[in-house]
Amino acid sequence: MADYGRKNSTVRLLSGAVSLVLMGVIFYLSTQKGDASDELSMGFTSMLFGGDFAMLFNTVVREIGHIVEFAVFSLPVFIFFSTFKISIKRGYYLSLVFCALYAASDEIHQIFVEGRAYEFLDIVADVLGALIGLTVLRFILARFFKKNAPAPETTVSGEINRLVADAFASFVNNAEFNGVIDSGSASAFIEKSMSHKILSMTAPALLKPENGVEDSVKKFVRNEVISEVVLQTRKTVKFIQAYKAMREKGAEPLCVKGIICRALYPDFDLRISSDEDLVASDADYTVCTDVLQTLGFVIKGNDNGYETSFYHPQSGCMIELHHTLFPDDGGVYSAFNSAFGNLFESPASVRIEQTEILCPCADRHFLYLVLHAFKHFLISGVGIRQIADIALFATANKTDWQKIFDSCEELRLSGFLSAVLKIGSVYFNFDISSVNCEKFDASADIEPMLNDILNGGVYGPGDPDHLHAGIFTFNGYSEMLGVKKHRLHALLPPKEKIRQKYPFAKKHPVLLPAAYFIRLFSFAFSKNGTADVFDMARQRKELMRQYGINK
């Protein structure tokens, strides 16, 4: 990685230097007075066509000279921009704009040179030259990268996707893993498992003695898993301590996901969880906050009154204390909250680590797992671990399927839930015959969703482009539910949202315009360009349409 950085810096330095030299040459040629410039071009034209035709072809030759000049100039400029972390397409457009601006400045410069003048035709020729040079180079680079790129794992039948899914399913089902992971696939297997945060559960498949995986790789995996499990154990102990303290003070917060779902897996501590989620009534919220701070938890963030994040520095335990399961945004998430009714009515309890932990009743809790998974699916992507959580919870708890599907039908999520349950039946031994509801679509095609899940990660792809595309899919779903959303909100959200994302704008209101500018700039210069963001949004909308989520 360090060698790559040095090579990248060297290329940037050399291409930048060549660009500056060519800019200097172009500037020097523009400083020549009119007579000297004409004499130079006429001499070259006479050499090509003879004296009789020199005057006739001089203008054509001068314009061709502009084209060639900027075609050559555009190449090191393109290489310079390509040394930054941007796509070929982004480098192409940035280089073209840069060349066009320099061409315009060059013509403006000639206004102040004796015998020279501003010629718009020359700018056109310069831009045309840059366009030709950049297009040729972009075509060559695209062909090169396409030829040398490794075959992408884009389908469920892809080797790495299949191995990771089978290894994870073997752990969840406490079954034997029959696949083979060799040294060639080990690295991709580990990376895919880590992106879904299931390495601790897929590691037994990788560490099988009969696999041809190098000892150094196995040692790395063992160390990673040990570190994860030790940290998870510390976090669990601290959470149990905090929860007991809250109950002793008379508070009765409800636990969702997290430790409740982890208890469903064959090995409790191998199912890693980033945080624990508690929902407290208004009467208990202050009590829970006081208990956490007394135990050494510090506030890491407060999300507009919806939740407060508490972090314990010594154990690494993170607890998110919620007022509601989803933000009361007056839109999609408020509709989600409405689906639960009185969340604190008839709570269930689960005994974990000799501690009684309260949680919503089974139907409400299951519905929350589905809606939480869909929230991730809607914005960027949902991981295979969340699908396993849903399947295991449905297996362990009696569910009123008619009630669940009625709630999902109101939110246009029956197709989504049907596909999730079918994936659960294929991979996690969920008995699909138990779903006695006519709204369940037994014919749902799970492959598109499974592709999306496995090619993403536990939270979906984390790059800015997917998050930007998620804004458009979220707004599209909002409009489908009848929640009016201004289309410009995808680019220019309400000021409350901007202040939440950029705290400096909340602290210094005069800087609100700057926050909007930063947002637009980050969108315009996202990883692959705005066109690709829109393409990504269209693809995800099409995926949602396949499951009846969007029209």
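Visitor: Which residues of helix 4 are buried?

Guide: Keep in mind that this is a predicted model. The general idea for helices goes like this: an α-helix has 3.6 residues a turn, so residues three or four places apart point the same way. Now the case here. The buried residues of helix 4 are Arg-90, Gly-91, Tyr-92, Ser-95, Leu-96, Cys-99, Tyr-102, Ala-103, Asp-106, Glu-107, His-109 and Gln-110.

Visitor: How far apart are the end C-alpha atoms of helix 4, and what should its residues span?

Guide: You count 1.5 Å a residue, so the 23 residues of helix 4 (residues 88-110) should span 33 Å. The end C-alpha atoms of helix 4 are 33 Å apart, which agrees.

Visitor: What does that check give for helix 14?

Guide: Agreement there as well: 18 Å is expected for the 13 residues of helix 14 (residues 384-396), and its end C-alpha atoms are 18 Å apart.

Visitor: And how many of the residues of helix 14 are buried?

Guide: Eleven of the 13, so helix 14 is mostly covered. Among them are Ile-384, Ile-387, Leu-392 and Phe-393, along with Arg-385 and Asp-389.

Visitor: Let's go to helix packing. At what angle do helix 15 and helix 16 pack?

Guide: For a pair of helices, look at the angle and the distance between axes. Helix 15 (residues 401-410) and helix 16 (residues 414-427) pack at about 130 degrees, and their axes are 8 Å apart. That angle makes helix 15 oblique to helix 16.

Visitor: Which residues meet there?

Guide: Helix 15 brings Trp-401, Ile-404, Phe-405, Cys-408 and Glu-409, while helix 16 brings Ser-414, Leu-417, Ser-418 and Leu-421. By type, the contact residues divide into six nonpolar, two polar and one charged.

Visitor: Take Leu-421 from that list. Is Leu-421 buried or exposed?

Guide: Leu-421, which sits in helix 16, has a relative accessible area of 2%, so it is buried. To see what surrounds a residue, leave out its sequence neighbours. Not counting residues up to four places away, Leu-421 touches Phe-366, Trp-401, Phe-405, Phe-430, Ile-432, Val-435 and Phe-440.

Visitor: How far is Leu-421 from Ala-394?

Guide: The two are 27 residues apart in sequence and 8.9 Å apart in space, C-alpha to C-alpha. Ala-394 is one of the buried residues of helix 14.

Visitor: Now the strands. What is the order of strands in the open sheet?

Guide: Read a sheet by strand order, then by pairing. The open sheet of five strands has the order 1-2-5-4-3, with mixed pairing. At the edges lie strand 1 (254-256) and strand 3, each pairing on one side only. From one strand to the next, the twist averages 30 degrees.

Visitor: How many bridges join strand 1 to strand 2?

Guide: Three, and strand 1 and strand 2 (residues 276-279) run antiparallel. Leu-254 has Val-279 in strand 2 as its bridge partner.

Visitor: In what sense does strand 4 pair with strand 3 and with strand 5?

Guide: Antiparallel in each case. Strand 3 (residues 298-302) and strand 4 pair over four bridges, and strand 4 and strand 5 (residues 318-322) pair over five. Phe-310 is a handy residue to follow: Ile-299 stands opposite Phe-310 in strand 4, and Ile-319 in strand 5 is a bridge partner of Phe-310.

Visitor: How many residues lie between strand 4 and strand 5 in their hairpin?

Guide: Six, and Gly-316 in the turn has a positive phi of about 85 degrees. As for strand 4 (residues 307-311) itself, four of its five residues are buried, so it is largely enclosed by the rest of the structure.

Visitor: Which residue other than glycine has a positive phi near 50 degrees?

Guide: Ser-346 does. Ser-346 is in the loop between helix 12 (332-338) and strand 6 (348-352), and at 54% relative accessibility it counts as exposed. Another case is Lys-197, not a glycine either, with a positive phi of about 55 degrees. Lys-197 is found in the loop between helix 7 (183-195) and helix 8 (199-206), and its 34% relative accessibility makes it partly exposed.

Visitor: Finally, how many helices and strands are in the chain?

Guide: There are 22 helices and seven strands. Buried residues make up 48% of the 551 residues. Of the contacts between residues at least 6 apart in sequence, 68% join residues at least 24 apart.

Technical notes
Residues are numbered from 1 along each chain as its sequence is written. This is a predicted model: local features need pLDDT of at least 70, side-chain atom pairs count only at pLDDT 80 or more; totals for chains, interfaces and linings use all residues. Side-chain values use heavy atoms; hydrogens and water are left out. Axes are lines fitted to C-alpha atoms, for helices over the stretch in contact, and angles run from 0 to 180 degrees between N-to-C directions. Helices (H or I, at least four residues) and strands (E, at least two) are DSSP runs, numbered from the N terminus. Angles under 35 degrees count as roughly parallel, over 145 as roughly antiparallel, 65 to 115 as roughly perpendicular and the rest as oblique. Contact means heavy atoms within 4.5 Å. Ala, Val, Leu, Ile, Met, Phe, Trp, Tyr, Cys and Pro count as nonpolar, Asp, Glu, Lys and Arg as charged, and the others, Gly among them, as polar. The expected span of a helix is 1.5 Å times one less than its number of residues. Buried means under 20% relative accessible area, exposed over 50%, partly exposed in between (1.4 Å probe, protein chains only). Two strands pair if DSSP finds at least two bridges between them.
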